[in-house]
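Here is a friendly walk through one protein model, written for a reader who likes to check distances and angles against the coordinates. Please keep the viewer open as you read.

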Amino acid sequence: MAKRLLIAAAGSLMLIAHASAFAWSGGHFNAYTPRGEFSGGHAMSCGGGSCSHAGGAVGPWGRTAANTGTVTRNAPGQFSNAGTAVGPNGRSVQHDGSTSCAGGTCDHTGDMTGSNGSTASTNGSITRDGAGQYSSSGTVTGGNGNSWNHAAGTNCAGSTCDRSGTVSNSYGGSVTHSGNATRVAPGVVTTGGGATVYHGATVSTGSTAVIVGATPIYVPPPPPVVVAPVPVVVPPPAPVAVVAPAPAVLPPPPVMVPPVVVTPPPPVRVAPVVVAPPPVYVAPARVAVLVPGHWVGRVWVPAHYA
């Protein structure tokens, strides 16, 4: 019950995110259930299109839970939210998301990160089907890949709202739920489960101490938020994994081969062939000598020139 009430309080901020600026306001509630009494209080402040809130709840065994955050109107029908929820065991969940509304439907996406590093993502939508008629659906996906789907419908008439829905998981299991809430007096709501919730509101400034029943709840106000009329929401850059470059593989150094110098052979000098002309025999001029006839042996040689 306490969780549902905290969720309802967070959702109501979406309805006042575009209201005019106002100072700190605080409120409290008492929820009397078959399990015991739950008490809570909250404080909020709006200005410049942004609302900050801080709230807490105390269960029948004295265990407390708290939630702080901010909802910002970035543009007509465009909202962003961020905050932290702390459970009774001291564990915390960081949550952020964005909502876009148009044509009677609001779509929402968000992320959650636990103090142990676990993560989950959400997405869903709610649609106004008619006067007092609403339908919703969505999915929650855990970091391990398991998912839960939910679908529900709400019908309001007069002072009573009836709601029913189904939750199913990725293992094939499903659970149905139904209930109703009736406003019986200003600030007093009863539910079909036997719970009665009393709401009250005060307006104050500075720190707010809300006394509910016998259990005091101190709700420190969140720091004031100064937001430009139309702030530009820039998501942080995704973490970049720095991977050390692999060692460069260099090819083996080139083998320096000295250039081969080919010495050309010395020029062959061929002596010119000198062909000597054939000798010309020129007989020396002779002087003819007359040899008188004479005998050579028994042969008579007549006179002749020699």
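Let us begin with a pair of strands. Strand E4, covering residues 64-75, runs antiparallel to strand E5, residues 78-86, and the two are paired over 9 bridges. To find the register in your viewer, look for Asn 67, which stands opposite Ala 85 in E5. The model you are looking at is predicted, and its confidence is taken up further down.

**The two hairpins**

E4 and E5 make a hairpin that leaves 2 residues between the strands. Gly 77 sits in that turn, with a positive phi of about 80 degrees.

E5 also pairs with strand E6, residues 92-102, again in the antiparallel sense and over 9 bridges. Here the register can be read from Ser 80, which stands opposite Ser 98 in E6. The hairpin of E5 and E6 has 5 residues between the strands, and Gly 90 takes a positive phi near 85 degrees there.

Ser 80 has a second role in this picture. Its side chain is joined to that of Asn 74 by a polar contact of 3.2 Å. Asn 74 has its place in strand E4. Is Asn 74 buried or exposed? With a relative accessibility of 15%, Asn 74 counts as buried, because the cut-off for that class is under 20%.

**An asparagine in a loop**

Another asparagine worth a look is Asn 146, found in the loop between strand E9 (133-142) and strand E10 (147-157). Asn 146 is buried too, its relative accessible area being 17%. Which side chain does Asn 146 reach through a polar contact? The partner is Tyr 171, and the contact is 2.9 Å. Setting aside neighbours within four places in sequence, the residues in contact with Asn 146 are Val 140, Thr 141, Ser 170 and Tyr 171.

**One aromatic pair**

How many aromatic pairs does the structure hold? There is 1. Tyr 32 and Tyr 198 form this pair with edge-to-face geometry, at 5.8 Å centre to centre and 80 degrees between the planes. The first of these tyrosines, Tyr 32, lies in strand E1 (residues 22-33), while Tyr 198 lies in strand E14 (residues 196-203), so the pair ties together parts that are 166 residues apart in sequence. Tyr 32 is partly exposed at 37% relative accessibility, and Tyr 198 is partly exposed as well, at 40%.

**Three disulfides**

Searching the whole structure turns up 3 disulfides. As a reminder, a disulfide is a covalent bond between the sulfur atoms of two cysteines. The table sets out the sulfur distances.

| Disulfide | S to S distance |
|---|---|
| Cys 46 and Cys 51 | 1.8 Å |
| Cys 101 and Cys 106 | 2.0 Å |
| Cys 156 and Cys 161 | 2.0 Å |

What is the pairing when the bonded cysteines are numbered in sequence order? It is 1-2, 3-4, 5-6.

The torsions tell us the handedness of each link. For Cys 46 and Cys 51 the torsion about the S-S bond is about 110 degrees, so this disulfide is right-handed. The link of Cys 101 and Cys 106 is right-handed, with 110 degrees about the S-S bond. For Cys 156 and Cys 161 the torsion is about 115 degrees, so that disulfide is right-handed.

The surroundings of these cysteines can be compared through their accessibility. Cys 46 and Cys 51 are both buried. Cys 101 is partly exposed at 23% relative accessibility, and Cys 106 is partly exposed with a relative accessible area of 26%. Cys 156 is partly exposed at 24%, as is Cys 161 at 30%.

**How far to trust the coordinates**

Finally, a word on confidence. The average pLDDT of the protein is 75, and 62% of the residues score at least 70. Two stretches deserve care. Over residues 1-23 the pLDDT stays under 50, and the model has 28 contacts beyond four places in sequence for them. Residues 202-221 also stay under 50, and for these the model has 41 contacts beyond four places in sequence. Where pLDDT is low, the predicted coordinates should not be read in detail.

Key. Residues numbered from 1 in each chain as written. Heavy atoms only, no water. Pairing = 2+ DSSP bridges. Helix = DSSP H or I, 4+ residues; strand = E, 2+ residues; numbered from the N terminus. pLDDT = per-residue confidence, 0-100. Contact = heavy atoms within 4.5 Å. Buried < 20%, exposed > 50% of the residue type's maximum accessible area, 1.4 Å probe, protein only. Polar contact = N/O pair within 3.5 Å; in protein donor to acceptor, adjacent residues only side chain to side chain. Phe/Tyr/Trp six-rings, centres within 6.5 Å; stacked < 30°, edge-to-face > 60°. Disulfide = S-S within 2.5 Å.
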